[in-house]
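Work through the exercises below with the model open. Try each task before reading its solution.

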Amino acid sequence: MSKKEDFVKFDKVDKSYDGKVLVVKDLNLDIEEGEFVTMLGPSGSGKTTCLMMLAGFETPTNGEIYLDKNPISNIPPHKRGIGMVFQNYALFPHMTVFENLAFPLKVRKMSQVEIEKKVDKALSMVSLGGFANRMPGQLSGGQQQRVAVARALVFDPSVVLMDEPLGALDKNLRESMQYEIKHIHESIGVTVVYVTHDQGEALTMSNRIAVFNDGKVQQLSSPDKLYEEPVNSFVAEFIGENNTFGGEVSEISNGTCRVKLEKGEIIANPISVKSVGEKTTVSIRPERALINPKDRMDNNQKGKIEEVIYHGDHTRVRLNLLGNSEFILKVPNSSQNLDIKLGNEINIGWNSHDARALDPK
Amino acid sequence: MSSETGKILTTDGIPLEESLKQSEKKNKIKAFLLVAPLLLFLIITYMIPIGDMFSRSIDDKMVTNMLPKTYKAMENWDGKELPPEEVFEAFYLDYKILVKNKTAGKLQTQLNYEKNGFKSVLKKLARKQKKFGEGNYKEQIMKVHKRWRNVEYWRAIKRRAPSYTYSKYLKGIDMYSNEDGKIVQVTEDRRIHRILWIRTVEVAFFVTLFCFLMAYPIAHLLATLPMKYSNLLMICVLLPFWTSLLVRTASWMILLQQQGIVNDFFVWIGLVADDNRPEMMYNKTGTYVAMTQILLPFMVLPLYSVMKTISPSLMRAGKSLGATPATAFFKVYFPLTIPGIGAGCLLVFILAIGYYITPALVGGASGTLISNQIAYHMKSTLDWSFASAMGLMLLTGVLVIYWIYNKLVGVDNIKLG
């Protein structure tokens with residue numbers, strides 16, 4: 001079976017609740033069949049609204065959403081055949097786990113035998129085989145979460161939506177559930193649209209991530225590209241850690257540019273700057289800057305250590321570098337013979353390729 | 001340390017167990033003292049009156065104490081024919097004392113409950129007995145009024161011999177124990193209480209039903225509207241609470257009377273002819289309308305408090321799983337509101353079954369309830385023991401309903417807020 005492209009398609013979708021403010025602006029988003037796409041963004045960025053529009057609980061103010069090429073704006077939620085996992089699980093508290101899972105099958109008028117078979121299969125998929133007769137209130141948060149996932153999948157929907165499903169779990173459980181959901185997705189190949197504000201979750205689970213801010217998709221790409229090659233300063237700031245320098249382009253040629261700072265100058269990779277004189281923010285990931293680099297690097301600076309924080313597997317070092325006193329370095333704790341002491345001056349180097357000159361903040 | 005002996009000691013050397021008991025004892029006493037005023041209040045205002053009501057409803061000592069000699073003489077009388085001379089003599093002696101003490105009136109009233117027409121016979125005897133000579137009282141008494149020759153009057157006296165009686169309860173359901181001691185129904189034209197009982201249950205049932213049908217959407221709206229609108233609506237629901245019950249009932253009288261606003265409106269929209277205005281007051285309709293309005297908040301509030309806790313995402317989940325809005329409502333939302341429905345219905349039904357003022361004012365003859373009958377006996381006939389008996393029957397009925405409810409739904413499922 002060949003994967004259908006743009007299985008889910010948002011086409012120029014706008015959404016406004018009060019007629020004054022657009023919470024979603026001109027959204028275009030194509031999701032391939034079987035893909036795991038995460039909508040990531042700070043709260044109020046419009047990601048949950050997008051999910052609700054896809055589920056049918058909100059209608060787009062303008063534009064159209066297509067599911068397998070069919071416009072769905074006028075289809076009520078119960079006819080869309082989209083599974084959904086809610087933030088607070090939304091299990092029916094007066095039904096057993098079995099009845100919860102059987103609910104979507106019963107409304108589809110399946111036979112009792114078929115229902116039992118499907119529910120059993122769904123429960124064993126989330127490894128809750130013996131829990132069919134429990135009430136949701138007797139389950140732990142993680143178990144309830146798995147029941148909610150099983151219920152959203154039991155009727156074989158073509159798309160499953162998940163609205164911050166792990167938000168209420170503790171850190172360890174959240175991490176193991178991330179892998180579990182990822183594995184379920186891989187084994188049954190359903191299309192998943194996942195909403196979260198937790199970037200770690202998004203990076204772990206997704207095929208592609210749509211970073212939302214201010215009602216717009218800032219960048220839609222795979223986790224590694226998103227981290228390594230952010231296209232604007234919001235994405236660079238929002239995903240992972242990030243050292244920034246604000247400055248002005250003084251020279252641009254052959255895939256590099258010179259950015260003049262208040263104190264000094266750095267060579268950077270021009271991403272969204274086109275011409276000399278433009279304002280820009282240069283972004284460098286902490287792990288791309290090295291201390292006392294052995295190889296020759298085209299950026300070499302001296303910085304003064306202002307803070308050293310021990311983190312177990314690595315040490316975070318805060319430097320004052322080129323007038324930026326918030327410059328962070330991550331030093332693996334295996335490296336030795338380094339002169340990391342408060343107040344010392346050390347050499348820092350990075351490649352111009354890793355210093356991305358983005359839009360000014 | 002003390003672990004060698006197996007007992008753990010506190011630093012003072014007292015065994016831990018004892019020291020724990022002591023410290024908890026203090027707490028227990030403190031807790032008891034805190035609830036003691038309430039307990040006392042409940043005993044004084046609730047347990048004692050109910051106990052008093054019960055003893056009053058079965059108490060029949062008054063007659064027994066007024067005719068001590070008569071009842072002693074009657075012990076050997078089988079009640080088939082007229083009693084022997086010594087009963088007449090004893091009755092004459094007892095009655096003489098009562099007349100002298102000016103307490104004969106009470107006996108006359110009491111015996112008149114037992115047998116109609118007894119009062120005038122006794123009054124006549126009171127006048128004539130002063131001239132009685134000694135001996136052969138049977139002849140002398142029978143000469144005063146021919147009814148004294150009727151054995152039924154003597155049986156009526158004998159029926160009042162026991163100190164306790166359940167006759168008031170029988171009377172409450174239109175039954176009595178006849179001259180032969182059998183329990184039979186009163187004649188058909190006098191069976192008024194049974195009609196009232198049935199009407200009371202019927203009115204309470206329909207008022208509960210109407211309240212439920214009206215309150216459910218209101219409560220749902222209250223629970224789902226945004227705060228600023230729901231607060232306003234809540235005030236509208238609670239507004240009747242802040243108005244006197246009498247004022248509310250009186251305003252219904254203004255609205256519902258034949259020349260009232262509601263009838264005017266019906267005529268104006270052409271629903272009824274001007275010369276054929278329906279009577280909506282002084283009958284059951286009036287009782288239904290006014291009681292439903294007055295009891296509505298008692299249904300809305302428990303429903304609201306339950307609905308408030310139902311997450312809106314449950315309905316969404318139901319829909320996303322493929323249920324139509326109606327299915328999602330009946331399979332998901334409705335079952336979750338049952339504790340509120342139970343609480344509201346129980347509350348309204350129990351309040352309605354003992355309702356008094358509203359039916360008294362707007363009920364008329366066909367809209368009065370059992371509580372109006374109780375009040376009538378309290379105020380007009382002064383038959384307090386009968387009023388107590390009916391009050392207790394009402395209380396028992398409520399307890400039975402509560403028991404059935406507990407069996408069906410479970411009282412721990414109730415949610416009042």
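**Exercise 1: One helix and its neighbours**

Find what the buried residues of helix 6 of chain B pack against.

Solution. This is a predicted model. The buried residues of helix 6 of chain B pack against four partners in chain B: helix 4 (85-100), helix 5 (104-114), helix 7 (137-144) and helix 8 (151-159). Next, name the buried residues. Helix 6 spans residues 118-128, and its buried residues are B:Phe118, B:Val121, B:Leu122 and B:Leu125. Now look down the axis of helix 6 of chain B. Its buried residues fall within an arc of 95 degrees, so they line one face of the helix. The general rule helps here. An α-helix has 3.6 residues a turn, so residues three or four places apart point the same way.

**Exercise 2: The overall form of chain B**

Compare the radius of gyration of chain B with that of a compact globule of 417 residues.

Solution. Start with the globule: its radius of gyration would be near 22 Å. Chain B has 32 Å. Then take the spans. The C-alpha trace of chain B covers about 100 × 100 × 35 Å along its principal axes. Add the domains: domain 1 (2-58), domain 2 (61-163) and domain 3 (193-413). The centres of domain 1 and domain 2 of chain B are 56 Å apart.

**Exercise 3: The cores**

Which residues touch the most other members of the largest nonpolar core?

Solution. The core has 97 residues, and A:Leu54, A:Leu161 and A:Val193 touch the most other members. Helix 4 (residues 141-153) of chain A gives the most to this core, with 6 residues. A second, separate core has 45 residues, including B:Val203 and B:Phe298.

Note on methods: Residues are numbered from 1 along each chain as its sequence is written. Chains are lettered from A and ligands numbered from 1 in the order in which they are written. This is a predicted model: local features need pLDDT of at least 70, side-chain atom pairs count only at pLDDT 80 or more; totals for chains, interfaces and linings use all residues. Domain bounds come from an automatic or database domain assignment. A nonpolar core is a set of buried Ala, Val, Leu, Ile, Met, Phe, Trp, Tyr and Cys residues joined through C-beta atoms within 7 Å. A residue is buried if 20 or more other C-beta atoms lie within 10 Å of its own, exposed if 12 or fewer, and partly exposed in between; C-beta atoms are placed from the backbone. Helices (H or I, at least four residues) and strands (E, at least two) are DSSP runs, numbered from the N terminus. The arc is that of the directions from the helix axis to the C-beta atoms. Two residues are in contact if their C-beta atoms, placed from the backbone, lie within 7 Å. The radius of gyration is taken over C-alpha atoms; the globule rule is 2.2 Å times the number of residues to the power 0.38.
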